Amino acid sequence: MDHREAFSRFYTIVEKLRGENGCPWDREQTPQTLRGDLIEETYECIEAIDQQNSAHIREELGDLFLLVTMISYMHQQEGLFSVSDVLNDVSEKLIRRHPHVFGELRTENEAGSISSAKVLDNWARIKVEQEGRNPKDSVLDEVSRALPPLDRAWKLQKKAAKQGFDWPSTAGALGKLKEELAEVEAAAATKTEGAEKKSELEGELGDLLFSVVNLCRFFKVEPSLALQRTNAKFTSRFSYVEKKMKECGAAMETANLEFMDRFWNDAKMSAPPNKNG
């Protein structure tokens, strides 16, 4: 079965699920109810890619295909636009934004003289000149406000750096991180209490996180992916601690912190260095 036949079969299944005699659960869903699933499945796909597990990647990509097609079909049922419209629109966008492949810049591309940076500059120009997008008052306006804060911080800093607003070296970013950590410590030590102290700490901790993101950028490490990896590492080690505490009949409580810490270190020692640090 080639890709055209495969998508046709898949589309027919989506139609049936959403049809009059389809699945009650699928028929009850709306684009709004599937928003969380879309985010969750995206991160599950990222996890599978990180694990380099081709079977898992294949499965998670299928789940993403399902959600994207299902949400598109819901709008088709409302008469707003069709699945074909979605596919045709993205095809036209790809052709329009890649003149170095499909248009007048193709010869330049074949000569190998166009860079990735030039491609991005062309995209920004095409958005304004051909797609009618309003020019942005600031380059930072190009970064979606709908992004999770960690991802938005990453993209904001990349945009600013492209304009020359950047530390000249990693040492500057490291120094800023240490400075922000000292300010957090100072804020934590102040005698103010209640909402005032919480607000101060929130501001300083936000600055610290922003500095960590900036350091990630210098090392070309995406912060959300780094944090996801650490979450997985923490989960694995904590589960090991739970298992060992249960085996020795000890409760998971502060009084047994010494035992828990010992099992935690055991988990660290037994983990492959290239996988879990």
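Helices here are DSSP runs of H or I with at least four residues, numbered from the N terminus, and one of them, helix 6 (residues 99-102), is where Pro99 lies. The model is predicted, so local features need pLDDT of at least 70 and side-chain atom pairs count only at pLDDT 80 or more, whereas totals for chains, interfaces and linings use all residues. Residues are numbered from 1 along each chain as its sequence is written, and side-chain values use heavy atoms, with hydrogens and water left out.

Select Pro99 to begin: with 6% relative accessibility it counts as buried (under 20% relative accessible area, with exposed over 50% and partly exposed in between, using a 1.4 Å probe and protein chains only). Add Val119, 20 residues apart from Pro99 along the chain, and the two C-alpha atoms are separated by 9.1 Å.

Move next to helix 1 and select Phe7 and Phe10, which lie three residues apart, about one turn of the helix. Their rings form a tilted pair, 6.0 Å centre to centre with 55 degrees between the planes (rings of Phe, Tyr and Trp, the last by its six-membered ring, pair if their centres lie within 6.5 Å; planes under 30 degrees apart are stacked, over 60 edge-to-face, the rest tilted). Phe7 is partly exposed at 29%, and ring pairs link Phe7, Phe10, Tyr11 and Tyr73 into a cluster.

Finally, select the largest nonpolar core, nine residues that include Tyr11, Tyr73 and Val83 (buried Ala, Val, Leu, Ile, Met, Phe, Trp, Tyr and Cys residues joined through side-chain atoms within 4.5 Å). Helix 4 gives the largest share of this core, five residues.

Definitions and conventions: Helices (H or I, at least four residues) and strands (E, at least two) are DSSP runs, numbered from the N terminus.
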